[in-house]
Amino acid sequence: MTIYCTNQQQLAEKIADQNVSLSNWKNWRWQLQHSIQKIETLERLLDIRFAADEREQLKATLEKFPLSITPYYLSLVDRDDYHNDPVFRQACPSPAELEVDRCDMADPLSEDQDSPVAGVTHRYPDRVLFQVSNVCSMYCRHCTRKRKVGDIDSIPGRDAIRAGLDYIRSNPAVRDVLLSGGDPLMLSDAYLDWILGELRQIEHVQIIRIGSRMPVVLPYRITDELVTMLKRHNPVWLNTHFNHPREITASSREALRKLADGGIPLGNQTVLLAGINDCPRIMKSLVHRLVENRVRPYYLYQCDLSEGLSHFRTPVGKGIEIMESLIGHTSGFSVPTYVIDAPGGGGKIPLNPNYLISLSTNKVVLRNYEGVITTYREPDSYEPNFCDRKCDQCNLQLKLESAEEQDAVGIERLLADSYTTISLTPEGNDRMERRDNG
Ligand SMILES: *Cc1c(COP(=O)(O)O)cnc(C)c1O
């Protein structure tokens, strides 16, 4: 049996230097074993030649940030225009990665600082990021954890995982666990099954999420066996990472179909990347292809300040322009939330075009996506519920058994009736220090 797509067939045989069957090509372990990691192999397979000095620069780049591409993902590259190809640009190095910008940081999101035990980042009150794999099937050139790309590939052993599980078990506030990495689907089904099973035994863990780029870069990883296993641990959500409509192929559609048919809710996180998808029409086409395949666009990320990514960054205005072209123009559930992941570990901050133009005590002036300016008349007689957080005496019927109690923090606290906090003051404020010393 041979592969139907000539391009893939030729590529497969060039890679393996022998006849390759379709079942080999579609075997995710075969794909991993034949990952492309050298500049020369890249040139040979794509039938391209870099100029000598360019090749030297690329090799220097690889010493800092290594290369790894699955044969499948490489097969999506358009050889005739590879320099502008969105797949090539995401997977193949550029000497620009060695340029360190003034604002670049090794760990812009302070993930290592917010880590109570190795592998766990606990940033938000009710959810944690759990890095269960240090490996990926494809090394994205725009990886936010670029500092770690090229570390000795390893999958944490059971003891390391147990330490993370213990942390989650001893923190009842954690109701949502995000398995990330690396790519968690680099683990064997059996190992992942064990981790999911352990998490499922923790009563306060309500949902588990998996962040994986496999549907994009190695869709054959999504096997029926994997889906059957994931299904046993539901609710498990999966977020993937498509950046360009070109990545939506027959194979990736099939992977998404299996997951969606398995009842796994699917989301997508796109990174806004200069020269790849910084275009409203590309983004609209991408979100349409995603929802067609039952994937809900979740986040559109402003590119992080990680070292070596400066050539991928766009101004924030590009993101706002893209949001402007989506909101109202297309189905609400096709529109992702545009976020900046705050440097220093502040978490994701949503950004939107402004729709509120003005307001008085009983009217709001708004504009819509078409530029129509309209008014909304507010109620004359709204009786607010004074909230003292005594929910058992309130006429709004929150059943306390089903409610999680959390202290109001930040702006939420400033707005709440039941707190006396009237302002938030930054640390090291001179005026406050004079008060304390006075
Ligand atoms: C993104 C992220 C989460 C999840 O955030 P959501 O907005 O709930 O998707 C949790 N922890 C960390 C450290 C994150 O970066």
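## Contacts to the ligand

A polar contact here is a pair of N or O atoms within 3.5 Å. With that cut-off in hand, let's look at this predicted model, starting with the ligand. In the side chain of Y299, an N or O atom sits 2.5 Å from an oxygen atom of the ligand. For Y298, the distance from a side-chain N or O atom to a ligand oxygen is 2.6 Å. R127 joins in too: one of its polar side-chain atoms is 2.6 Å from an oxygen atom of the ligand. As for cover, the ligand on its own would expose 380 Å², and the protein buries 91% of that.

## The shell around it

Who else is there? The residues around the ligand are T121, R123, Y124, R127, L129, L178, R209, Y298, Y299 and K348. Sorted by class, that shell comes out as five nonpolar residues, four charged ones and one polar one.

Which strands each supply at least two residues of the shell? They are β1 (120–124), β2 (127–131) and β7 (295–301). Of the elements involved, β1 gives the most, with three residues.

## A three-stranded sheet

Further along the chain there's a small topic of its own: an open sheet made of three strands, ordered β10-β11-β12, with antiparallel pairing. The edges are taken by β10 (356–359) and β12 (373–377); each has a single partner strand, so one side of each is left without a neighbour in the sheet. On average, neighbouring strands in this sheet are turned by 25° against each other, if you ignore direction.

Now for the pairing itself. As a general point, strands of a sheet pair through backbone hydrogen bonds, either parallel or antiparallel. How many bridges join β11 to β12? There are five between β11 (residues 363–367) and β12, and the two strands run antiparallel. If you want a spot to click on, try L366, which stands opposite T374 in β12.

## A look at G211

Last stop: G211, which belongs to strand β4 (residues 207–211). Is G211 buried, exposed or partly exposed? Its relative accessibility is 22%, and buried means under 20% while exposed means over 50%, so G211 counts as partly exposed.

G211 can also be placed relative to Y139. The two are 72 residues apart along the chain, and their C-alpha atoms are separated by 15 Å.

Definitions and conventions: Residues are numbered from 1 along each chain as its sequence is written. This is a predicted model: local features need pLDDT of at least 70, side-chain atom pairs count only at pLDDT 80 or more; totals for chains, interfaces and linings use all residues. Side-chain values use heavy atoms; hydrogens and water are left out. A residue is near a molecule or strand if one of its heavy atoms lies within 4 Å of it. A polar contact is a pair of N or O atoms within 3.5 Å; within protein, one must be able to donate a hydrogen and the other to accept it, and residues adjacent in sequence count only if both atoms are side-chain atoms. Accessible areas come from the Shrake-Rupley method with a 1.4 Å probe; for residues, only the protein chains shown count as cover. Helices (H or I, at least four residues) and strands (E, at least two) are DSSP runs, numbered from the N terminus. Ala, Val, Leu, Ile, Met, Phe, Trp, Tyr, Cys and Pro count as nonpolar, Asp, Glu, Lys and Arg as charged, and the others, Gly among them, as polar. Two strands pair if DSSP finds at least two bridges between them. Axes are lines fitted to C-alpha atoms, for helices over the stretch in contact, and angles run from 0 to 180 degrees between N-to-C directions. Buried means under 20% relative accessible area, exposed over 50%, partly exposed in between (1.4 Å probe, protein chains only).
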